[in-house]
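Reader: I would like a close look at one place where two helices pack against each other, with the setting of the chain explained along the way. Please take me through it in a connected account.

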Amino acid sequence: MISKLAISNKVSHQRLVLGAMAFLLLVLGVLSLSMGAFPIPLSKVMQVIFGEWMGSDGVSLQEKNVLLQIRLPRLLLAMLVGGALGIAGAALQGLFRNPLVEPGLIGVSSGSALFAVIFIVFGSSLPFLSALGKFGLVGFAFIGGLLNTFLVYRLSSQAGKTDISLLILAGVALNALAGALIGLSIFYADDAALRNFTFWSLGDVGGANWEKVLLMLGFSILPVGLIIGQHRALNALAIGESEAFHMGVDVQKTKLLILVGSALVVGTAVALTGTIGFVGLVVPHLLRILFGADHRLVIPGSFLAGAILLTMADLLARTIVAPAEMPIGIITAILGAPFFIWLLINVKQIRT
Amino acid sequence: MLIARNIQYLVQGRAIVNKVSLQLNPGELTAIVGPNGAGKSSLLKVLAGDYKAQAGEIIYNGKAIENHRPKDLAKIRAVMPQHSQLTFPFKVKEVVELGLLSLGMAGGEQLVKEVMIETQTWGFRDRLYGALSGGEKQRVQLARVLVQVWAGSDQPKFLLLDEPTSSMDIAHQHQVLHIASQLKRKKIAVLAVLHDLNMAAAYADQVILLKEGKVYQQGAVAEVMASQHLEHVFEHPILVRNGYDGMPHFIQSLPVHHQSHTFKIA
């Protein structure tokens, strides 16, 4: 019954699903603003958000500051980063035609991490790095992510075809190499840089501020838009690269857009919040299992679901050990790893 | 029309397709037959634009293949590959709808339904593609490529089929080749790599006999599908009985130990 409905009104059904997810995200966001070590009643949250219209009677300056300077930017950063990881995961899985690909596997994260640690450790002593200024870390981590992805892709591609087992091997090899080089950089790090990098690598949206939110937003709008625009090409690619070409897809262009776009958003996300695992892997699967494989839904849906997942994870991170905070990367891994194991066991079923 | 002149496709210096020339005319069904490794699929892939020929030229409707953008090429030629696997849980109808990609979406719903009924795939449109049998998958892929060329057009279109019937039962094999021959009325030129010589003889207008990358014989069924040609190409005793009263040719391969006085490996 439901599946018949879905086929006859597929597009409106997809819009409904996306709308429901957006609504859920909104509700979760408002809840998340009110909860935490310093609880703020929902009515006051509304008053602060809608400011002028509802008046600010009874809202203390402290509550206002906590909301506007700490929680709201943190919430928005979590949403944007979760969305970025989700959509990049969905697009890369589609591009490589493999449900086990995630941004981490193809080297975006480790490449970004390597370049981030190089920037943190050697930034002050290398003039060309410090000359990059405020955007230096993000820009440099982005270049690292892109470079590593490109290497993985080149190593696994031959005559325009990507060998999936080679891809995974190349990803593992380059991740190991990046890990070793990160270790080497840490070996030369002083205490301050070490501390910096340790906090950075735990994966954490705690240091959010409006500047970071704007940076993430600025670096995501265009790539996310471009990736969403590739949904038809990704559907065609699901049958195969040459089949997609037969159907009129400029396969090379699609590859480039998705690789550059994913490296850009994930590189930025990793630079700003550290490595947060499993979102990019889990989210697209959840959507495919629940709503089917059509990328017209899976791609934008992965953005929303990634945002929902990370908002939830951040809420947990802030509340379960309050007033202390748990790094968000630990929460997503605790939720994600068992799901990944389940996925491995059921991969055959999911492929059909 | 599609014209290929002296195309040559080399892999590591070895000619897989060796100086092949052919012409596909709208309203004709051309069959490529030949033994394993003769270069049938490679020839099809070169014509489709998957592989780039190192020598020779391929011209689609008066314009060289390399001057067509993928999108424009998809409007005039569709290709059905030998095997297609899907990684993700797509439904049958979603797979067929992919054929609309190059057309834009207007009027797609009706077109998809028409083609799916024609290919007998409408009945399982809501099932997952991965759960189908091999023959059913092939029919779904056929439906997908038919959608691409089905709509009427002022310019000739081309349908390239790589062993479209390899996993099908006998009734569906005939069904598919019947559909392919019906397409002739739509100004579509059909090229099919076929394994079954009887199917080729029954449905083709033109037959291309390939051996070791070269065209051995090319022409009308009655000329090409002769015992001596087939025996030479396949290096196996083959008996051909000419059809009479509108019956197709009947081609039979003989057991290896069969002693035929006419059989000599040339």
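Author: In this predicted model, 48% of the 352 residues of chain A count as buried, and the chain is built from 17 helices and two strands. Among contacts in chain A between residues at least 6 apart in sequence, 77% join residues at least 24 apart.

Within this chain, the part to examine is the pairing of helix α14 of chain A, residues 279-291, with helix α15 of chain A, residues 295-319, whose axes lie 9 Å apart and meet at an angle of about 120 degrees. An angle between 115 and 145 degrees falls outside the parallel, perpendicular and antiparallel ranges, and α14(A) and α15(A) are therefore oblique to each other. The crossing in which α14(A) passes α15(A) is right-handed. On the side of α14(A), the contact is made by A:V279, A:V283, A:P284, A:L286, A:L287, A:R288 and A:F291, while α15(A) contributes A:L297, A:V298, A:G301, A:S302, A:A305, A:G306, A:L309 and A:L310. Sorted by class, the residues in this contact of α14(A) with α15(A) are eleven nonpolar, three polar and one charged.

For the wider setting, the contact between chain A and chain B takes 26 residues from each of them. On the side of chain A that touches chain B, at least two residues each come from α1 (2-8), α11 (231-237), α12 (241-246) and α17 (347-351), with the largest share, four residues, supplied by α12(A). By class, that side of chain A has ten nonpolar, nine polar and seven charged residues.

Terms used: Residues numbered from 1 in each chain as written. Chains lettered and ligands numbered in written order. Predicted model: local features only at pLDDT ≥ 70, side-chain atom pairs only at ≥ 80, totals over all residues. Axes fitted to C-alpha atoms, helices over the stretch in contact; angles between N-to-C directions. Parallel < 35°, antiparallel > 145°, perpendicular 65-115°, else oblique. Left-handed = near helix turned anticlockwise from the far one by under 90°. Contact = placed C-beta atoms within 7 Å. Nonpolar A, V, L, I, M, F, W, Y, C, P; charged D, E, K, R; others polar. Buried ≥ 20, exposed ≤ 12 C-beta atoms within 10 Å, placed from the backbone.
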